[in-house]
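Me: I would like to go through a protein model step by step, asking about how its helices pack and where its empty spaces lie. Could we take the helices to begin with and the spaces afterwards?

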Amino acid sequence: MALMPKESAKLIARLSKNVFIEEEGVKNLACAILEGLKNQKINMNNFSQCEWHPSMDDPRAVDWIFVLDTLNYSFWSKKDSPKDWWTVNGQSGYFALCAAIKRAIDEGKPIIDPKYYSHITRSDAEHIFRGDNQTTIPLLDERLKSLRDAGKILLGKYQGTFVECIKSCSHSAEQLLKLVVNEFESYQDEADYEGHRVSFYKRAQILIGDIWACFKGKGLGEFYDIDYVTMFADYRIPQVLVHFGAIRYSNPLMSRLQNDVELENGGDDEIEIRGCSIEAVERVRDEIRALIERYPNLELKKSDINAILIDHFLWDYRREHATELEHIPFHKTRCIYY
């Protein structure tokens, strides 16, 4: 039985040999995020303001998000790849995936219906995820398997919709997280570290976070224990945490990253980067809440901030400051988990 992400992160941070959490950086980042809270730059409405995301009024929103997060992994390109390596309608990375799904729907492909994608053919997938310059999305065969397997589970056990999964969990993020990772194989983001089975569950948690944000914490998006969800341990957020000084790499690890050495999925370096990222964001959240408590004139509530919103802030920050952050290497691991 794997430790859940929060417990995993605490253990990894305690034992880590090449990644370290720096309290001064945690405090600096907490102050930057507090500023974002005060000026409303950080709030859950940011999800629905993105043109590629479904609105809460779309009756298919949940199944749209489920397909999106079932495929939401591995968009990075190698150093020698062209800048427009895999783009869709001029979008790259995650937004290229959003654009491809929207394009498929506009073209009449029922890509968010498990009756379709549980049996999707390779040629259909090639067409749906075609790039602007005919480059194929990475890990196409793995994505095909993720889709087919997930579709079959939904049809066989949940009346063909992820809505039934949500309803069966009585507004508990913890229950839904456990359901997703137990039922859907491609979401089982686990590893062995120092004799312990640890987990990160990046895509399962972002799935819950996206539903929470899409429905603004109400209806299908209402979770009384949303704090159970941690940040989504990927390859871009650590880059921002290093920038703010919240985490630090040892010289040997930094050298490997600067030399563009791919890290093995489940290797110690990768596990330590992801685990320490989760624990650093947990500490940032706790610091922000302590500041809110200490300064009541801020007119903020502790419930105004959680790991999901911090993750959104960090991810957006990376995109907005891409040039400035270019000198900080990010780790590259080709896998289906992020």
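Me: At what angle do helix H3 and helix H7 pack?

Reply: Please keep in mind that this is a predicted model. Helix H3 covers residues 61–70 and helix H7 covers residues 140–157, and their axes lie 10 Å apart. The crossing of H3 and H7 is right-handed, and the angle at which the two helices pack is about 145°.

Me: Which residues in H7 are met by residues in H3?

Reply: By class, the contact of H3 with H7 has five nonpolar, two polar and no charged residues. On the H3 side the residues are Phe66, Val67 and Thr70, and those they meet in H7 are Ser146, Leu147, Ala150 and Leu154.

Me: Is H9 parallel or oblique to H10?

Reply: The axes of helix H9 (residues 173–183) and helix H10 (residues 202–214) come within 10 Å and cross at roughly 135°. Angles from 35 to 145 degrees that fall outside the range 65 to 115 count as oblique, and therefore H9 is, with respect to H10, oblique.

Me: How many charged residues are in the contact of H9 with H10?

Reply: In this right-handed crossing, Ala173, Leu176, Leu177, Val180 and Val181 of H9 meet Ala204, Gln205, Leu207 and Ile208 of H10. Sorted by class, the contact of H9 with H10 has eight nonpolar residues and one polar residue, while the number of charged residues is no more than none: there are no charged residues.

Me: Is H2 roughly parallel or roughly perpendicular to H14?

Reply: Helix H2 (residues 23–38) and helix H14 (residues 307–320) have axes 11 Å apart and pack at an angle of about 90°. Because angles of 65 to 115 degrees count as roughly perpendicular, H2 is described, relative to H14, as roughly perpendicular.

Me: Which residues of H14 make the contact with H2?

Reply: The residues of the contact of H2 with H14 divide into six nonpolar, no polar and no charged. H2 contributes Leu29, Ala32 and Ile33, and H14 contributes Ile310, Phe313 and Leu314.

Me: What is the volume of the largest cavity?

Reply: Searching the whole structure gives one cavity of 30 Å³ or more. Ser146, Asp149, Ala150, Phe184, Glu185 and Ser186 form the lining of the largest cavity, which by class has two nonpolar, two polar and two charged residues. The volume of the largest cavity is about 40 Å³.

Me: Which residues are the closest to the centre of the second largest pocket?

Reply: The second largest pocket holds about 220 Å³ of space. Its lining has 15 residues, and these divide into eight nonpolar, four polar and three charged. Of the residues that line the second largest pocket, the closest to its centre are Met44, Ser303, Asp304, Ile305 and Leu309.

Technical notes:
Residues are numbered from 1 along each chain as its sequence is written. This is a predicted model: local features need pLDDT of at least 70, side-chain atom pairs count only at pLDDT 80 or more; totals for chains, interfaces and linings use all residues. Side-chain values use heavy atoms; hydrogens and water are left out. On a 1 Å grid over the protein atoms alone, a cavity is a set of points where a 1.4 Å probe fits but cannot get out, and a pocket is an open set with protein on both sides within 12 Å along at least five of seven lines; lining residues have an atom within 4 Å of a point. Grid points are joined across faces, edges and corners, and a volume is the space filled by probe spheres set on the points. Ala, Val, Leu, Ile, Met, Phe, Trp, Tyr, Cys and Pro count as nonpolar, Asp, Glu, Lys and Arg as charged, and the others, Gly among them, as polar. Axes are lines fitted to C-alpha atoms, for helices over the stretch in contact, and angles run from 0 to 180 degrees between N-to-C directions. Helices (H or I, at least four residues) and strands (E, at least two) are DSSP runs, numbered from the N terminus. A crossing is left-handed if the near helix is turned anticlockwise from the far one by less than a right angle, and right-handed if clockwise. Contact means heavy atoms within 4.5 Å.
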